[in-house]
Amino acid sequence: MFTVNEMPKQISQELTALLEQVETATVGHFLHSGFVDRELRAVLPEKRVAGTAVTVRLPHADSTILHYLTKLVRPGDIVVVDRCSDDRHACWGGVITHSMKIAGVKAGIVDGPATDFSEIRRVEMPMWCRGPSPITTKILGLEGAINVPVTVGGQVIEPGDAILADESGVIVLNPAEAKAVAERAIGMQEAEIKLLERLRNGERLPDISGATRLVEEKVRRVA
């Protein structure tokens with residue numbers, strides 16, 4: 001059985017541009033949820049992307065639904081694939097990479113393996129997955145779903161969620177909260193630039209961070 005729901009409302013270009021100024025690791029300083037399993041790693045670590053989650057549930061070895069999705073996706077989408085715990089079959093390879101790239105898809109995030117990494121790199125399609133596999137899915141016509149809630153890397157993702165991904169990992173944000181998260185993170189990144197300048201001017205990190213005061217208040221000095 002196949003389920004194909006309507007494409008979700010896309011996050012705005014302004015929000016996308018704002019999020020792409022943000023490092024996921026900066027968000028990790030103040031949020032503890034929304035991050036997918038760190039074992040989903042970037043094939044192109046130099047890429048940072050943000051966009052709208054288009055979700056796919058793709059069980060076992062049947063990639064029919066992912067092929068079908070290539071006629072629905074839009075520029076700015078990020079395709080998020082729930083592999084239903086299948087860590088054997090690669091559903092994303094060279095042909096899917098080209099099809100998604102031509103359609104304007106920003107990235108693929110697959111909770112399982114992918115294949116044809118050299119082609120992914122050549123086309124410069126940002127991709128996060130659990131590593132390579134030479135064993136691929138097939139067009140079996142059995143089942144799958146598009147734009148349903150999925151679980152990827154231990155994180156529930158809804159169609160239309162905001163996705164931010166870079167070399168450090170992938171985070172999923174509620175679109176209504178994403179702007180505030182991005183602005184807070186950008187403020188922290190700007191503060192870090194000033195901190196680094198203070199270090200270059202001779203100040204010590206523990207003096208700036210407050211670690212010196214905390215340690216010296218609690219350390220027991222032995223005469």
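Which residues line the largest pocket? Keep that in mind as you open this predicted model, and let's walk through it stop by stop.

**Stop 1: the largest pocket**

Select Glu-23, Ala-25, Thr-26, His-29, Met-188, Gln-189, Ala-191, Glu-192, Ile-193 and Leu-195, and you have the lining of the largest pocket on screen. The volume of this pocket is about 210 Å³. Now colour by helix: H2 (24-27) and H6 (175-200) each supply at least two residues of the lining. Of these contributors, H6 gives the most, with six residues. If you colour by residue class instead, the lining shows five nonpolar, three polar and two charged residues.

**Stop 2: helix H4**

Next, select residues 94-103, which form helix H4. Which residues of H4 are buried? They are Gly-94, Ile-96, Thr-97, Met-100 and Ala-103. An α-helix has 3.6 residues a turn, so residues three or four places apart point the same way. To see what covers the buried residues of H4, add helix H3 (64-69), strand E4 (77-82) and helix H5 (117-123), which are among the covering elements. Then step just past the end of the helix: H4 is followed by Gly-104, with a positive phi near 90°.

**Stop 3: Thr-97, a buried residue of H4**

Zoom in on Thr-97, which lies in helix H4. Its relative accessible area is 0%, under the 20% cut-off, so Thr-97 counts as buried. Show the side chain and look for two partners. One is the side chain of Trp-92, with which the Thr-97 side chain makes a polar contact at 2.9 Å. The other is the backbone oxygen of Gly-93, which the side chain of Thr-97 reaches at 2.8 Å.

Now bring up the surroundings. Leaving out residues up to four places away in sequence, Thr-97 touches Trp-92, Glu-119, Ile-120, Val-123 and Met-125.

**Stop 4: Val-95, on the same helix**

Stay on H4 and select Val-95. Is Val-95 buried or exposed? Val-95 is exposed, because its relative accessibility is 60%, which is over the 50% cut-off. For a last view, draw a C-alpha to C-alpha distance from Val-95 to Asp-116: the two are 21 residues apart in sequence and 9.1 Å apart in space.

To end the tour, show Thr-97 and Val-95 together on H4: Thr-97 is buried, whereas Val-95 is exposed.

Key: Residues numbered from 1 in each chain as written. Predicted model: local features only at pLDDT ≥ 70, side-chain atom pairs only at ≥ 80, totals over all residues. Heavy atoms only, no water. Helix = DSSP H or I, 4+ residues; strand = E, 2+ residues; numbered from the N terminus. Buried < 20%, exposed > 50% of the residue type's maximum accessible area, 1.4 Å probe, protein only. Contact = heavy atoms within 4.5 Å. 1 Å grid on protein atoms, 1.4 Å probe; cavity = no way out; pocket = protein on both sides within 12 Å on 5 of 7 lines; lining within 4 Å. Points joined across faces, edges and corners; volume = space filled by probe spheres on them. Nonpolar A, V, L, I, M, F, W, Y, C, P; charged D, E, K, R; others polar. Polar contact = N/O pair within 3.5 Å; in protein donor to acceptor, adjacent residues only side chain to side chain.
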